[in-house]
Each structure stands twice: as C-alpha cells, then as structure tokens.
Amino acid sequence: MMRDGYVGRWRGDEYEVSPDGDEMRLYATQPRDGFEEIRPDRYRRIVPADEVSEFGYVRTMCHWRGEPFIVLGEHDSWLRVEYTGGKAPVAAALGLEEFDFGVYQGWAPAAEVTDVREFRV
C-alpha cells in the first residue's frame, strides 16, 4: 500500500490519523474495538491528541521514466503520481496533466515505476 498522509501510533498500533485541535481521528480498514464504520472498509475513532505518539507525515516517493515523483495513490496496476522535478517541458513530454499551476500529475503503470521508498517527515 502506498501512503501519503498523517500517521500516528495509538496503543501500540499505527493508524492513518487526522489532527483536529485537541483530538485525533484514527482510521482503520478493518473493524476494531471502539471504532465506528463510516463507510465500507473505513472505520474511525476519535481520541485525545496526547494519546497519539510518533505523529508524523508519511510520503511515498519514486522514479518514473527517470524522473522524481510523489506517489499519491494506486488503483489496480496503476499509480497516481505527481512530478517533483519542476520542469514544465519534462512534465509535458511525460504526458502529465497540469493539476494546478506548476503541479503536474498523471497515472503511471506500476511496473514502470522504480525506486519506491517511504519517507517520514
């Protein structure tokens, strides 16, 4: 699973988290004690922020066609990627769409993506 977002540890387990003032919303993909189902395969529990440790941001990086990218998501055998090289002509040559000014994204075949690594910031 490719990750891009906040994470934290609560009672020994790591969760996707969303900070909200003095509280943290924890998310799980399986039923857990005290979690409410908010949609299929998505469960949430709200806890005091001071109960969450090792809070940080996880970002998955990679290379595609020799260029640097952030992995934003995945679907089947494709990865949603965002170009971090900062060169508009390169982004155009890769067939990326300009998502916002200077922000280029696209879908890359997972089999063509190399050097996938996760960073915690």
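How many helices and strands make up the secondary structure of the protein? In this predicted model, the secondary structure amounts to 1 helix and 11 strands. Read from the N terminus, the elements follow the order β-β-β-β-β-β-β-β-α-β-β-β. The points below cover overall dimensions, the nonpolar cores, the surroundings of arginine 3, and the aromatic residues.

**Overall dimensions and surface**

- Along the principal axes, the C-alpha atoms of the protein occupy a box of roughly 50 × 25 × 25 Å.
- The protein has 121 residues, of which 34% count as buried.
- About 7600 Å² of the protein is exposed, and carbon and sulfur atoms account for 48% of that area.
- When contacts between residues at least 6 apart in sequence are considered, 51% of them join residues at least 24 apart.

**Nonpolar cores**

- The largest nonpolar core consists of 13 residues, and those with the most contacts inside it are Cys62, Trp64, Phe69, Val81, Tyr83, Leu96 and Val113.
- Two or more residues of this core come from each of strand 6 (53–64), strand 7 (67–75), strand 8 (78–83) and strand 10 (103–109).
- Strand 8 makes the greatest contribution to this core, with 3 residues.
- A second core, separate from the largest one, has 10 residues, among them Val17, Ala28, Tyr43 and Val47.
- Cysteine 62, listed among the residues with the most contacts inside the largest core, has contacts beyond its neighbours within four places in sequence: Glu67, Pro68, Phe69, Val71, Val81, Val113, Thr114, Asp115, Val116 and Arg117.
- Three of these partners, Phe69, Val81 and Val113, are themselves named among the residues with the most contacts inside the largest core.

**Surroundings of arginine 3**

- Arginine 3 is located in the segment that precedes strand 1 (4–10).
- The side chain of arginine 3 forms a polar contact of 2.7 Å with the side chain of glutamate 118.
- With residues up to four places away in sequence set aside, arginine 3 is in contact with Glu14, Val58, Arg59, Thr60 and Glu118.
- Glutamate 118 therefore appears both in the list of contacts of arginine 3 and as its partner in the polar contact.

**Aromatic residues**

- The structure contains 7 aromatic pairs.
- Tyr6, Phe55 and Tyr57 are linked by ring pairs into a cluster.
- Arginine 42 is placed over the face of tyrosine 27, at 4.1 Å from the ring centre.

Terms used: Residues numbered from 1 in each chain as written. Predicted model: local features only at pLDDT ≥ 70, side-chain atom pairs only at ≥ 80, totals over all residues. Heavy atoms only, no water. Core = buried A, V, L, I, M, F, W, Y, C linked by side-chain atoms within 4.5 Å. Buried < 20%, exposed > 50% of the residue type's maximum accessible area, 1.4 Å probe, protein only. Helix = DSSP H or I, 4+ residues; strand = E, 2+ residues; numbered from the N terminus. Contact = heavy atoms within 4.5 Å. Polar contact = N/O pair within 3.5 Å; in protein donor to acceptor, adjacent residues only side chain to side chain. Phe/Tyr/Trp six-rings, centres within 6.5 Å; stacked < 30°, edge-to-face > 60°. Lys NZ or Arg CZ within 6 Å of the ring centre and 35° of its normal. Areas by Shrake-Rupley, 256 points an atom, 1.4 Å probe, with all protein chains shown as cover.
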